[in-house]
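Student: I have a model open and want to learn how to read its features. Could you take me through them?

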Amino acid sequence: MLRSAYGSWPSPIDAALAAAHDGQPEWVGFVGDEVWWTEPRPAEGGRRALVRRTAEGAEQPVLPAPWNVRNRVIEYGGSPWAAVPRDGEPLVLFTHFADQRLYRYEPGGEPRPLTPVSPVGGGLRWAEPQILADRDEVWCVLEEFTGDGPGDVRRVLAAVPLDGSAARDRTAVRELTDDRHRFVTAPRIAPDGRRAAWLAWDHPRMPWEGTELLVGDVGDDGVLHDVHPVAGGPGESVAQVEWSADGRLLYASDRGGWWNLYRDDTPLCPREEEFAGPLWKLGTRWFAPLDNGLVAVVHGRGPAVLGILDPESGEVVDVAGPWTEFTGTVAVHGSRVVSVGAGPRTAHEVVELDTRSGRARAIGSRHHDPVDPAYYPEPYIRTFTGPAGREVHAHVYPPHHPRRTAPDGELPPYVVWAHGGPTGRVPLVLDLEIAYFTSRGIGVVEVDYGGSTGYGRAYRERLREQWGVVDVEDCAAVALALAEEGTADRNRLAIRGGSAGGWTTAVSLTTTDVYACGTVIYPVLDLTAWASGETHDFESRYLESLVGPLAEVPARYAERSPTSHADRLTRPFLLLQGLDDVICPPAQCERLLAGIAGRGVPHAYLTFEGEGHGFRRAGTLVRALEAELSLYAQVFGLDVPGVPTLELHT
């Protein structure tokens, strides 16, 4: 074992390799006996490809580049495809990111648009398509902009004819509901075809704060009548709804403090665990009923695993295998269940479970070690003590190298990763971006600060009116605890994060002296502007719960915003921003930079054309990772060979 300083270890995991493995499969489904899903293509401009697994086990793209199976409904998107077998070939419906239209495709032909282009504002957007072959139409969520402002928008459930008659005629789209609710999602038709259920909510609530489960009768005219709520409300989040094979409602509600499953108001498996999560993307599915009455569930406290729930006994049998985390995408067909799983040594892959044999196997996007797995990190779960004795959950990734160790007495630098959301959670899975740092001798700790999901509603609501306080305190508590116990070097601590994590990073740099530097990625920086129209509609009222109503506490908005305290920013930082970001627009970054102009603070500001909220292109990912590593090298005094030097301006 050779000895060399932390941060200087040679690694086969370069930025290009990490970029090539960025992202994960999503939106799994069955088309007849085949399993289909979407997966990222960083090298193809960051598009999402629709992939099928044939009966012979081969993986084939359904559509060639540049078709990008993704949509912008609520900006974070939603389920973008549906398909059914028809005359021996699949009939495919999908949304294309470039124009947001809904398309029809049959192999051997060309995709044909089913919906028109709107010249108004953000146009017409579609999500969660469901093909109703007997009606010759597809039901979906319609998001329609009525003006140029981000709030000039309405959302309804709608039916689009499959014959293409609406491709140039908006009036041919039949609206199934009125627009009394600001947000709608999850249209589900009962097995008898006579009823439908869906979810709705309104500003200022977010879907993890309060939603309504609505049920209506499907009339002969195809419109939903006698619509009435059956669950949910301002203080109850119903995250998903399905119909069982015998026509009963299954849904996930947090009325008891945890997202548990209910069947017609009867709890099926009451536990202090989550059987659902936050609805950041429309169509997310954490459970799916099987025809035999069992239910496939993604559940857990912290880590979420795939299991089979027996509603009669309340027992859950979990999948065996290397996957310790599963994502909110589940589909069933007969006795088969598919989802997406990963683990500390396994990247996300499509996993199939045969419920008859109990056997699970990876069938799509299968993990292949691109380098010797001896270079992968060896993480572990920790629970730290934060202010007032509160628990703070985190994942620690120590520096790790198969043939290198540090000189005696040297402590490693550590980077705190603050996740986005802030209503989110970090999974303990193999991430080559983390391995990019740990294999070089830089530790990483991911913090599920107060406000994170996976630990019940009370943990989630710790952030109520405390954004910029609790998240900052929890990250600092974890960083300082690692330093005080001798795990990390107190003088070489950094923090990084994107979106809400970018906010936490920027606030940490302006309100604490814990960190020597930070990487701020497509952040929120100016609360007043963000709450006054400088973001998209979905989160435009989110700050009322995170900070408080702007009209009542305007001083709090200014006091917490990093743009108001640029004079406190003295530590070096890297700012990364997509120029097409409508969620956290570049104007937020530009105000912060104007505030530090001429003050001698070392910093770099890198912008990326064609990137929005979340980087997807290989070139962007490489540049961002190398710039981040160069920042740490310069601030921590690391000898990092082969990485371009980031120019820091003052």
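Student: Is tyrosine 522 buried or exposed?

Tutor: First, the ground rules. This is a predicted model, in which local features need pLDDT of at least 70, side-chain atom pairs count only at pLDDT 80 or more, and totals for chains, interfaces and linings use all residues. Residues are numbered from 1 along each chain as its sequence is written, and side-chain values use heavy atoms, with hydrogens and water left out. Now the term: buried means under 20% relative accessible area, exposed over 50%, and partly exposed in between (1.4 Å probe, protein chains only). Tyrosine 522 has a relative accessible area of 16%, so this residue is buried.

Student: Where is tyrosine 522 found?

Tutor: Tyrosine 522 is found in strand E37 (residues 517-523). Helices (H or I, at least four residues) and strands (E, at least two) are DSSP runs, numbered from the N terminus.

Student: What is phi of tyrosine 522?

Tutor: Here is the general idea. Most residues other than glycine have a negative phi, and most peptide bonds are trans. Phi of tyrosine 522 is near 25°, a positive value in a residue other than glycine. Glutamine 100 is not a glycine either, and has a positive phi of about 65°. Glutamine 100 lies in the loop between strand E7 (89-95) and strand E8 (102-105). At 5% relative accessibility, glutamine 100 counts as buried.

Student: Which residues does a cis peptide bond join?

Tutor: One such bond joins alanine 65 and proline 66, with omega about 10°. Proline 66 is in the loop between strand E5 (59-61) and E6. The bond from histidine 203 to proline 204 is also cis. Its omega is near 5°. Proline 204 sits in the loop between strand E15 (195-201) and strand E16 (212-218).

Student: Which residue should I look at in strand E15?

Tutor: Take tryptophan 198, placed in E15. Its relative accessible area is 3%, so tryptophan 198 is buried. Now set sequence against space. Tryptophan 198 and leucine 214 are 16 residues apart in sequence, yet 5.4 Å apart C-alpha to C-alpha.

Student: What is tyrosine 251 in contact with?

Tutor: Contact means heavy atoms within 4.5 Å. Leave aside neighbours within four places in sequence, and the partners of tyrosine 251 include Leu213, Ala231, Val238, Tyr262 and Phe287. Polar and charged names appear too, among them Gln240, Asn260, Asp264 and Asp265. For classes, Ala, Val, Leu, Ile, Met, Phe, Trp, Tyr, Cys and Pro count as nonpolar, Asp, Glu, Lys and Arg as charged, and the others, Gly among them, as polar. Tyrosine 251 is in strand E19 (residues 249-253). At 1% relative accessibility, this tyrosine counts as buried. The C-alpha atoms of tyrosine 251 and alanine 231 are separated by 9.1 Å, at 20 residues apart along the chain.

Student: At what angle do helices H4 and H5 pack?

Tutor: Axes are lines fitted to C-alpha atoms, for helices over the stretch in contact, and angles run from 0 to 180 degrees between N-to-C directions. Under 35 degrees counts as roughly parallel, over 145 as roughly antiparallel, 65 to 115 as roughly perpendicular, and the rest as oblique. H4 (residues 470-484) and H5 (residues 500-511) pack at about 75°, with axes 9 Å apart. H4 and H5 are therefore roughly perpendicular to each other. From H4, Asp471, Val472 and Cys475 meet Trp503, Thr504, Val507, Ser508 and Thr511 of H5. The contact residues divide into four nonpolar, three polar and one charged.

Student: How many cavities of 30 Å³ or more does the structure hold?

Tutor: Rolling a probe the size of a water molecule over the atoms shows where empty space is left. On a 1 Å grid over the protein atoms alone, a cavity is a set of points where a 1.4 Å probe fits but cannot get out; a pocket is an open set with protein on both sides within 12 Å along at least five of seven lines; lining residues have an atom within 4 Å of a point. Grid points are joined across faces, edges and corners, and a volume is the space filled by probe spheres set on the points. The structure holds four such cavities. The largest has about 140 Å³ of space. Its lining includes Trp208, Glu209, Arg460 and Tyr542. By class, that lining has four nonpolar, two polar and four charged residues.
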